[in-house]
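Trainee: Could you take me through this model? I would like to start at the ligand and then turn to the aromatic rings.

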Amino acid sequence: MQRASPQEFSRVLSSMCTEPHPAARAAAEEFLATNPGDPATYETVADLEREAITALAEIAGHPDAVGYITSGGTEANIQAMRIARDRGPTGGPVTSERANVVAPASVHFSFHKAADVLGLELRTAPLDDDYRADPDAMSELVDGDTVAVVGVAGSTEYGRVDPIPAIADLASEAEALCHVDAAWGGFHLPFTEHDWQFDHAAIDTLTIDPHKLGQAAVPAGGLLARSSDLLDELAIDTPYLESASQASLTGTRSGAGVASAAAAMDELWPDGYREQAERCQANADWLAAALDERGYDVVEPELPLVAATLPEREFDALREAGWRIARTASGDLRIVCMPHVTRETLREFVTDLDRVE
Ligand SMILES: *Cc1c(COP(=O)(O)O)cnc(C)c1O
């Protein structure tokens with residue numbers, strides 16, 4: 001059998017993951033045979049996980065935050081919803097048949113998985129006219145059985161940042177948990193003016209993924225909680241391991257992911273991420289202007305993600321030319337200006353677009 005090799009990143013414009021930083025790649029390889037799920041046996045990788053959480057907590061504006069490196073944003077979101085469900089509405093146990101979670105319609109599909117797995121009802125509210133959460137529309141869905149109110153800081157389809165302080169107010173009025181999903185946006189937002197993190201609003205839990213804009217190897221997501229009593233909701237006794245309890249959803253976990261997350265943040269926070277944020281945003285702004293000049297309807301890139309209307313014919317021709325591009329649910333072309341997407345790449349892309357007859 002011929003040896004398989006991975007895809008190249010040169011024409012990948014649709015992914016939220018990117019080429020790992022060389023230091024992250026080296027650390028992943030070195031820690032392949034470790035299991036942070038059993039920290040008393042695999043002590044070095046457990047230390048690296050503590051370092052990674054300290055770094056994530058600083059990035060998210062709350063040095064005392066606690067948490068762990070998850071398999072990705074999906075696990076982090078499921079676990080946050082599990083904390084909310086187990087705490088119940090008003091911080092007490094759930095008394096009704098079915099607790100609910102209130103979120104904007106732009107919420108990532110992982111919340112549908114979370115609701116399904118946890119037996120929660122997911123209520124999604126219509127967005128405002130710029131693809132952001134509308135707190136008034138959300139407040140109409142909140143009731144006495146609401147256990148969590150969710151905001152997105154860097155939405156998957158249009159890269160929008162919800163009004164997190166207003167969403168946190170809503171959660172606190174409802175005595176529900178406030179969760180922010182910054183899985184993709186978290187490594188970019190510290191270099192913007194947006195309010196999105198723990199010291200901007202009364203957020204309880206937050207998802208932030210090193211394996212997206214953090215330049216860590218997959219799998220490395222992040223779940224943070226404001227205080228340890230929240231994370232303790234997840235703790236399960238672990239009789240056969242050397243360590244006594246475990247808060248993660250999965251048992252054996254990737255030490256490669258943990259080590260690469262720690263290495264990437266050690267290398268890049270804050271200056272490397274700042275440069276990356278500036279470069280990615282400048283590329284997104286350039287692409288948006290180039291598409292606009294050509295007469296396509298472009299959604300203003302608030303974060304480095306450009307959406308635009310693109311007819312079927314152009315879309316298919318570009319796919320045919322090897323461009324990895326995707327569409328939003330409503331059919332817009334969606335290009336994520338990740339760190340591997342250079343200006344040169346975007347120039348070639350636009351040149352190929354101009355060639356479509
Ligand atoms: C990517 C993403 C997720 C899911 O993360 P995975 O690592 O793919 O599980 C959740 N929320 C948002 C906003 C995302 O962009």
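Mentor: We go through the ligand and its surroundings, then the aromatic pairs. This is a predicted model, where local features need pLDDT of at least 70, side-chain atom pairs count only at pLDDT 80 or more, and totals for chains, interfaces and linings use all residues. Residues are numbered from 1 along each chain as its sequence is written, and side-chain values use heavy atoms, with hydrogens and water left out.

Trainee: Which side-chain atom lies 2.6 Å from a nitrogen atom of the ligand?

Mentor: Look for a polar contact, a pair of N or O atoms within 3.5 Å; within protein, one must be able to donate a hydrogen and the other to accept it, and residues adjacent in sequence count only if both atoms are side-chain atoms. Lys-212 has a side-chain N or O atom 3.0 Å from a ligand oxygen. Thr-156 places a polar side-chain atom 3.4 Å from an oxygen of the ligand. The 2.6 Å contact to nitrogen comes from a polar side-chain atom of Asp-181.

Trainee: Which helix gives the largest share of the shell around the ligand?

Mentor: Shell residues have a heavy atom within 4 Å of the ligand. Among the 15, those that come nearest are Gly-73, Thr-74, Asp-181, His-211 and Lys-212. Helices (DSSP H or I, at least four residues) and strands (E, at least two) are numbered from the N terminus. The largest share, three residues, belongs to helix 3 (residues 73-87).

Trainee: How many aromatic pairs are there?

Mentor: Rings of Phe, Tyr and Trp (its six-membered ring) pair if their centres lie within 6.5 Å; planes under 30 degrees apart are stacked, over 60 edge-to-face, the rest tilted. By this rule, the count is four.

Trainee: Why is the pair of Phe-191 and Trp-269 tilted?

Mentor: The ring centres are 5.9 Å apart. Phe-191 sits in the loop between strand 5 (177-181) and strand 6 (205-207), and Trp-269 in the loop between helix 8 (255-268) and helix 9 (271-293), so the pair ties together parts 78 residues apart in sequence. The pair counts as tilted because the planes stand at 45 degrees.

Trainee: Are Trp-323 and Phe-349 buried or exposed?

Mentor: These two form an edge-to-face pair, 5.2 Å centre to centre with 85 degrees between the planes. Buried means under 20% relative accessible area, exposed over 50%, and partly exposed in between (1.4 Å probe, protein chains only). Both Trp-323 and Phe-349 are buried.
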